[in-house]
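Here is a small set of exercises to work through with the model open in your viewer. Try each task before you read its solution.

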Amino acid sequence: MKEYWQEIRALTMRWVLRLSREKFSMLFTLVQPMLFWLIFFGNLFQRAADSQVTQAPNYISFLAAGVVVMTVLNNGLAGGVDLLFDKENGFLERLMSTPIHRSSVILSRFIFVMTITSLQVLVILGVAFLFGVQPATGLLGIATILLIGMMFGVGLTAISMAMAFSVKSHGDFFSVLGFLSLPMIFLSSALVPLAAMPGWMSFLAKFNPMTWAIDAVRPLILSNWSEALPHVGMVVVVMLVFDALCLYGGAKAFRRAMG
Amino acid sequence: MDRATAIDVSHLSKSYDGHQAVADISFTVHAGEIFGLLGPNGAGKSTTLRILITLLTPSSGRATVFGLDTVRDADRVRQLIGYVPQERAIDRFLTGKEHLELLAALYHLPKDEAKSRIAELLKLVELEAHADRPAKTYSGGMKRKLDIACGLLPDPRVLFLDEPTLGLDVQSRLRIWDYIRMLKARGMTVVMTTNYLDEADQLCDRLAIIDGGTIKIIGSPVELKVGLGGDIVSLTLKETDRMTGLESALKGQPAIKAVRTTAKGLDIRVESPEKALPVILESANRLGCSVEFIQYNRPRLDDVFIAHTGRRIEDAAVNHDE
């Protein structure tokens with residue numbers, strides 16, 4: 001057990017070391033494009049967004065939940081990229097030829113991605129706070145938001161890693177990634193409440209785990225516990241199913257890739 | 001003398017995606033020797049190596065490393081082996097030292113032991129001065145040295161090297177050959193794949209020629225060359241039209257063991273040149289073949305390869321890439 005922990009720690013620290021070396025990447029990790037969504041999009045649509053429709057004091061406070069979950073989405077789907085590069089340049093082989101538990105490589109990546117995502121979510125909430133968005137459920141609410149983010153992130157990272165192990169070239173990986181992200185964002189309640197979407201879009205959005213996550217995070221920011229709790233309960237169930245499916249698929253892809 | 005068996009491969013086969021990479025190969029590696037798998041690209045060398053280092057499971061057959069099965073006892077096998085892959089398997093952002101520290105943790109080495117081993121290895125591969133610079137600043141030769149240091153970190157009983165000098169300059173190649181000889185002197189068993197005949201010839205105690213997924217022959221370089229049964233006289237002819245005539249004229253002769261046509265002439269296997277040369281020249285004169293060059297050599301590994309696979313190793317590589 002001690003050895004397992006030693007492996008995971010060493011592998012996770014590798015990602016941390018690398019991040020600290022890539023100064024540019026480090027900067028963009030914290031000041032990420034998602035912030036631009038929040039700041040620009042949020043302010044831009046101030047008047048275009050009808051408060052009656054969004055049921056929120058202003059658009060930016062409505063959008064905040066969407067941007068939080070979008071951050072989780074992007075980070076999660078990109079979570080497998082470094083493993084893809086490791087696979088391509090042979091470093092993964094080197095790791096696999098050592099006597100580590102096979103799962104250490106996967107777990108360390110999960111831990112790293114979840115930690116970075118959580119930090120980014122905090123930055124998003126922090127910036128939103130500067131624009132007057134105060135989470136109505138306080139610190140506990142923020143902790144719950146982080147939990148929801150992590151649960152969603154686990155499944156997404158598993159998908160990403162499964163792709164990393166399965167694609168023949170990394171061009172494929174990035175094509176699929178690009179193809180998935182935007183539809184997932186637009187076919188969710190990130191930008192517009194479900195009730196206000198055209199019928200076919202809100203129908204599709206219901207199948208999107210993002211919608212469930214956003215509809216739980218949003219009341220945590222905008223309303224109170226009694227409104228939020230049922231949604232939180234539902235999203236936990238949705239995420240458990242989602243994660244189980246993704247982890248199962250990911251494990252299969254991993255085992256197949258390992259010959 | 002009964003030497004201990006380091007590796008035993010028995011009727012190993014591996015196919016994936018409908019392609020048979022390796023078919024029914026068997027060989028043994030003795031403890032403390034340098035064993036080579038010689039063959040062109042696509043021959044199945046890397047696949048065989050990957051099975052031995054537990055990264056692939058065979059489709060059939062088995063392989064053992066010091067008695068441990070590579071599938072059932074994979075974890076224990078990994079404790080005993082070191083691996084130097086063909087590609088530069090390094091992380092550009094980590095320093096040389098950090099690579100070794102990471103691996104030391106993955107091999108569960110205690111901190112003090114790790115520290116001294118890392119210092120020792122950096123000295124061995126002459127990377128001390130660059131140990132704290134990120135690997136992306138390393139030259140190709142330095143990256144390879146780091147690869148080797150990583151492979152040696154666990155002080156393995158068997159070191160597996162996949163094309164150790166591929167793409168390196170002459171000096172680096174010689175340096176690496178020296179390391180490998182030194183490792184053998186320390187008692188390590190070394191298994192390497194290569195497509196370089198000179199490397200196989202100079203370094204390996206024993207080698208297996210592998211082509212098209214099967215082993216053609218196994219033996220020491222000397223045994224394999226002697227096994228060809230004779231020296232080779234190579235004729236380059238001015239015109240090739242009388243070549244087949246000369247070939248048939250020579251074939252029946254007692255001093256001539258075998259004749260093979262090449263693009264520009266004939267390769268003639270002879271027992272003793274003193275008896276064979278006059279016969280060859282006389283036949284060539286009689287048939288009016290003008291001989292441009294005559295070359296005489298003791299068999300080289302090149303000839304061994306041709307004899308057992310029917311083609312030159314360079315030609316085999318070209319065909320595979322197509």
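Two strands count as paired if DSSP finds at least two bridges between them. Keep in mind that the model is predicted.

**Exercise 1. The mixed sheet of chain B**

Task: work out in what order the 6 strands of the open sheet with mixed pairing in chain B are arranged, and which strands stand at the edges.

Solution.
- Step 1: Trace the neighbours across the sheet. The order is β6-β7-β8-β3-β9-β10 in chain B, and the sheet is open with mixed pairing.
- Step 2: Look at the ends of that order. β6 (81–84) and β10 (214–219) of chain B have a single partner strand each, so one side of each lacks a neighbour in the sheet.
- Step 3: Check the twist. On average, neighbouring strands of this sheet are turned by 15 degrees against each other, direction ignored.
- Step 4: Take one pair in detail. β6(B) runs parallel to β7 (residues 158–162) of chain B, with 4 bridges between them. Val84(B) has Leu161(B) in β7(B) as its bridge partner.
- Step 5: Add the helices. α5 (residues 140–152) of chain B lies across β6 and β7 of chain B, at about 170 degrees to β6(B). Helix α6 (residues 170–185) of chain B also packs on the sheet, where it touches β3 (34–38), β7 and β8 (189–194) of chain B. The direction of α6(B) makes about 150 degrees with that of β8(B).

**Exercise 2. The antiparallel sheet of chain B**

Task: find which strands are the edge strands of the open sheet of 4 strands in chain B, and which helix lies across β11, β12 and β13.

Solution.
- Step 1: The strand order is β12-β13-β11-β14 in chain B, with antiparallel pairing.
- Step 2: β12 (256–261) and β14 (291–297) of chain B each pair on one side only, which marks them as the edge strands.
- Step 3: Neighbouring strands here are turned by 20 degrees against each other on average, direction ignored.
- Step 4: β11 (residues 231–237) of chain B is joined to β14(B) by 6 bridges in the antiparallel sense. Within this pair, Leu237(B) stands opposite Val291(B).
- Step 5: The helix is α9 (residues 243–251) of chain B, which lies across β11, β12 and β13 (265–270) of chain B and runs at about 165 degrees to β12(B).

**Exercise 3. A hairpin in chain B**

Task: identify which residue takes a positive phi in the hairpin of β4(B) and β5(B).

Solution.
- Step 1: β4 (residues 60–65) of chain B is joined by 5 bridges to β1 (residues 5–16) of chain B, and the two run antiparallel. Here Ser13(B) has Ser60(B) as its bridge partner.
- Step 2: β4(B) also pairs with β5 (residues 68–69) of chain B, again in the antiparallel sense, over 2 bridges. Thr64(B) stands opposite Asp69(B) in this pair.
- Step 3: The hairpin has 2 residues between the strands, and Phe66(B) takes the positive phi, near 50 degrees.

**Exercise 4. Helix crossings in chain A**

Task: decide whether α8(A) is oblique or roughly antiparallel to α9(A), then do likewise for α12(A) and α13(A).

Solution.
- Step 1: Survey the chain. Chain A has 13 helices and 0 strands. Its radius of gyration is 19 Å, close to the 18 Å of the globule rule for 259 residues, so chain A is as compact as a globular protein of that length.
- Step 2: The axes of α8 (residues 102–130) and α9 (residues 138–166) of chain A come within 9 Å and cross at roughly 135 degrees. Therefore α8(A) is oblique to α9(A), as the cut-off for roughly antiparallel is over 145 degrees. The crossing is right-handed.
- Step 3: The contact of α8(A) with α9(A) includes Phe110(A) and Val113(A) of α8(A), and Gly149(A) and Gly153(A) of α9(A). By class, it has 12 nonpolar, 5 polar and 1 charged residues.
- Step 4: For α12 (residues 209–222) and α13 (residues 225–257) of chain A, the axes come within 8 Å and cross at roughly 150 degrees. That makes α12(A) roughly antiparallel to α13(A), and this crossing is left-handed.
- Step 5: Among the contact residues are Trp212(A) of α12(A) and Phe242(A) of α13(A).

**Exercise 5. Where the chains meet**

Task: say how many residues each chain gives to the contact.

Solution.
- Step 1: Chain B gives 25 residues and chain A gives 21 residues.
- Step 2: On the chain B side, α3(B) supplies the largest share, 5 residues.
- Step 3: By class, that side has 16 nonpolar, 4 polar and 5 charged residues.

Key:
Residues are numbered from 1 along each chain as its sequence is written. Chains are lettered from A and ligands numbered from 1 in the order in which they are written. This is a predicted model: local features need pLDDT of at least 70, side-chain atom pairs count only at pLDDT 80 or more; totals for chains, interfaces and linings use all residues. Two residues are in contact if their C-beta atoms, placed from the backbone, lie within 7 Å. Ala, Val, Leu, Ile, Met, Phe, Trp, Tyr, Cys and Pro count as nonpolar, Asp, Glu, Lys and Arg as charged, and the others, Gly among them, as polar. Axes are lines fitted to C-alpha atoms, for helices over the stretch in contact, and angles run from 0 to 180 degrees between N-to-C directions. Angles under 35 degrees count as roughly parallel, over 145 as roughly antiparallel, 65 to 115 as roughly perpendicular and the rest as oblique. A crossing is left-handed if the near helix is turned anticlockwise from the far one by less than a right angle, and right-handed if clockwise. The radius of gyration is taken over C-alpha atoms; the globule rule is 2.2 Å times the number of residues to the power 0.38.
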